[in-house]
Amino acid sequence: MTLREFLSNRLKCIALQVICVGLATLFLFTTGTQPGVLVILLIVFLLVFLTVNMLDFFQQRARLLELKSILDGLDRKYLFTECVPQPKGLFEQRLFDLVRLAGRDMTGAVSDAQASQREYREYVERWVHEIKTPLTAARLICRELDGGTRRKLIAELSQIEAHVERALFYARAENPEQDCLFRQIELEEIVVRAIENHRSLLIQNCIQVETEGLDCIVYTDEKWAVFILGQLLQNAARYRGEAPVITISAHALGKQVRLTVSDNGIGIPAHELPRVFDRGFTGSSGRSRGGSTGMGLYLCRKLSGFLGLGLEIASKEGKQTTVTLTFPAKENLTKL
Amino acid sequence: MPKIMIIEDDPAIREELALLLENEGYTTLVITKFTDIPAQAAQEHPNLILLDIGLPGKDGFSLCAALRKAVPAPVIFVTSRDAGADEVRALSLGGDDYITKPYSVPVLLARIKAVLRRSGSGPEQADLLEAGELRLSLTKGVVSSGGKAVELSRNELQILACLMVHTGQIVSRADLIDALWDNQIYIDDNTLSVNMTRLRGKLAEIGLPDAIKTRRGMGYQL
């Protein structure tokens, strides 16, 4: 609150004070008080009013600053009214009571919403775990079929599993802190796991996988990193070109580690590139090939945010797509 | 033959898993009563235990600790729970490996083999494979026929072994690649072709130039 704001707010009150002083002066002057006395009286009046107004101003400003600093210090701002010191004055007290009532109602609504979101997330997680049992059984039963049918069915099962996995991570991304488990891990281990998970997809599509310089140590959550890498492998397989090759390489960049996943696939048109991380965005290739959900890269970006990973994409249409993941240095993890 | 104990509450997976492992030459022991499993294990002396976490009654974690006391066999957790915390907990409770469902069959078999090898009770693999005049020694990596012998590289050995196990049947390129894929070595179509040419060359050296037939559009046949 500035002095100007305060004064303009007080304008009526100050005008009233000035009018009162004027009338009093006029009255005293007509009843014969000496002008010298009047001038002194006038100065005293003005000084008293000025002091009172200035005191009010400083008091109000201090009070506002105090409230603001309490609000700034709060993690959940809507709990503000529960945390402020007892208000001074009847009017402020009543006002606070009203705001507090409104706040309480909101707190209730928020905690209801949180509870139902948590329940939903728990249900999705349980559902995902349950669906994995029949999927596993189906995979085992597939083994008894002959070559061609078996491979086709396994490819379809892998598709289902990929969708299920995305649903699980979508649910997890709502409360990432519950699942993230940062630890020191060999980058190679993450890459091997991701490739292993997509083994049938890669073999089916005759994709050559080349790895290079993966003997770096990173600090991250293995499950999430494997998931992100898996999405990239799925994309590379889906949008493959002739004689597909995926190159996964890494190099240290100071204390960070940079992992590049590069393919020689059909690429992404330049005008679509800025939107590939958007939720539900399926590019022209995604639409023409079908089966694209527009969730893969969206989830990658969301999860990367929680892991403190840098995620960048570059592409030449018809030639290649390169995704770069930058793993943060250990020291930078504490602030996540 | 190593005996593998399967502790899994889903009947379909239980049966299929037992069938799969028996086909791979293991003896299986399927648990159907989920009471006092450690005692059942102590009676049967398995070489390896496959343990699910979500079980009726006691969960897999507490069961693992009890099993560890009862028998010396290594334990592989096989579960659909894939939170990082679960894996850490499983391994700290004495689990030897942690596989999440849905797993692919080759991955499962490879991990079982690795754990058995570590615990020193791996399957005594038939070292010598025979098909017609061909003899293949898996440990030496040598193929011989009529007194002549030639050494094979890892990939050539795997290809020939895969064909010899399925003598007379057509083995597709995808199946061969599947058999060749290892943890760190990712075989693609070209590599397979190169290795196949080399393998044929080596077979020609020992007097069997046409041992491997190409079945156009289907694969290879020995």
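So, A:A243: this one sits in the loop between helix 9 and strand 4 of chain A, with strand 4 covering 245-253. Keep in mind that we're looking at a predicted model. What's odd about the backbone here is phi, which is near 45° at A:A243, a positive value in a residue other than glycine. And is A:A243 buried or exposed? It's exposed, because its C-beta has just 12 others within 10 Å, and 12 or fewer is the cut-off for that label.

Chain B has a residue of that kind too. Phi of B:D36 is near 50°, again positive and again not a glycine. You'll find B:D36 in the loop between strand 2 (27-30) and helix 2 (37-44) of chain B. B:D36 counts as exposed, with 12 other C-beta atoms within 10 Å.

While we're on backbone geometry, have a look at the peptide bond between B:K101 and B:P102. That bond is cis, with omega at about -5°. The proline, B:P102, is in the loop that runs between strand 5 (97-100) and helix 5 (105-118) of chain B. Hang on to B:K101, please; we'll meet that residue again at the interface.

Okay, zooming out to chain B as a whole. The secondary structure there adds up to eight helices and twelve strands. The C-alpha trace spans about 60 × 30 × 30 Å along its principal axes. There are 222 residues in chain B, and 34% of them count as buried. If you take the contacts in chain B between residues at least 6 apart in sequence, 56% of those join residues at least 24 apart.

On domains, the assignment splits chain B into domain 1 (3-118) and domain 2 (128-221). Their C-alpha centres are 34 Å apart. For chain A the assignment gives domain 1 (3-105) and domain 2 (180-335). Over C-alpha atoms, the centres of those two chain A domains are separated by 61 Å.

Now, helix packing, with chain A up front. The pair to look at is helix 5, residues 90-142, and helix 6, residues 147-172; their axes come within 10 Å and cross at roughly 165°. Anything over 145 degrees counts as roughly antiparallel, so that's what helix 5 and helix 6 of chain A are to each other. The handedness of this crossing is left-handed. Who's touching whom? From helix 5 of chain A you get, among them, A:V124, A:V128, A:I131 and A:L135, and helix 6 of chain A brings residues including A:L153, A:I154, A:L157 and A:I160. The charged side of the story is in there as well, with A:R121 and A:E125 on helix 5 of chain A, and A:R150 and A:E161 on helix 6 of chain A, among the residues that meet. By class, this contact has 14 nonpolar residues, no polar ones and five charged.

Compare that with a pair in chain B. Helix 6 (residues 154-165) and helix 8 (residues 189-205) of chain B have axes 9 Å apart and pack at an angle of about 80°. That makes helix 6 of chain B roughly perpendicular to helix 8 of chain B. On the helix 6 side of chain B we have B:N155, B:E156, B:I159 and B:L160, and they meet B:N195, B:M196, B:R198, B:L199 and B:K202 in helix 8 of chain B. The classes here come out as four nonpolar, two polar and three charged.

Last stop, the interface. How many residues does each chain put into the contact? Chain A puts in 29 and chain B puts in 29. On the chain A side, the elements giving two or more residues are helix 5, helix 6, helix 7 (187-197), helix 8 (199-204), strand 2 (208-212) and helix 9 (222-238). Helix 5 of chain A has the largest share of that side, with nine residues. Sorted by class, the chain A side has eleven nonpolar, seven polar and eleven charged residues.

One residue to finish on: A:T133, in helix 5 of chain A. Leaving out sequence neighbours up to four places away, A:T133 touches B:D10, B:I13, B:S80 and B:K101. There's B:K101 again, the residue joined to B:P102 by the cis bond. A:T133 is buried, since 20 other C-beta atoms lie within 10 Å and 20 is where buried begins. And for scale, A:T133 and A:E186 are 53 residues apart in sequence, with 30 Å between their C-alpha atoms.

Methods
Residues numbered from 1 in each chain as written. Chains lettered and ligands numbered in written order. Predicted model: local features only at pLDDT ≥ 70, side-chain atom pairs only at ≥ 80, totals over all residues. Axes fitted to C-alpha atoms, helices over the stretch in contact; angles between N-to-C directions. Helix = DSSP H or I, 4+ residues; strand = E, 2+ residues; numbered from the N terminus. Parallel < 35°, antiparallel > 145°, perpendicular 65-115°, else oblique. Left-handed = near helix turned anticlockwise from the far one by under 90°. Contact = placed C-beta atoms within 7 Å. Nonpolar A, V, L, I, M, F, W, Y, C, P; charged D, E, K, R; others polar. Domains from an automatic or database assignment.
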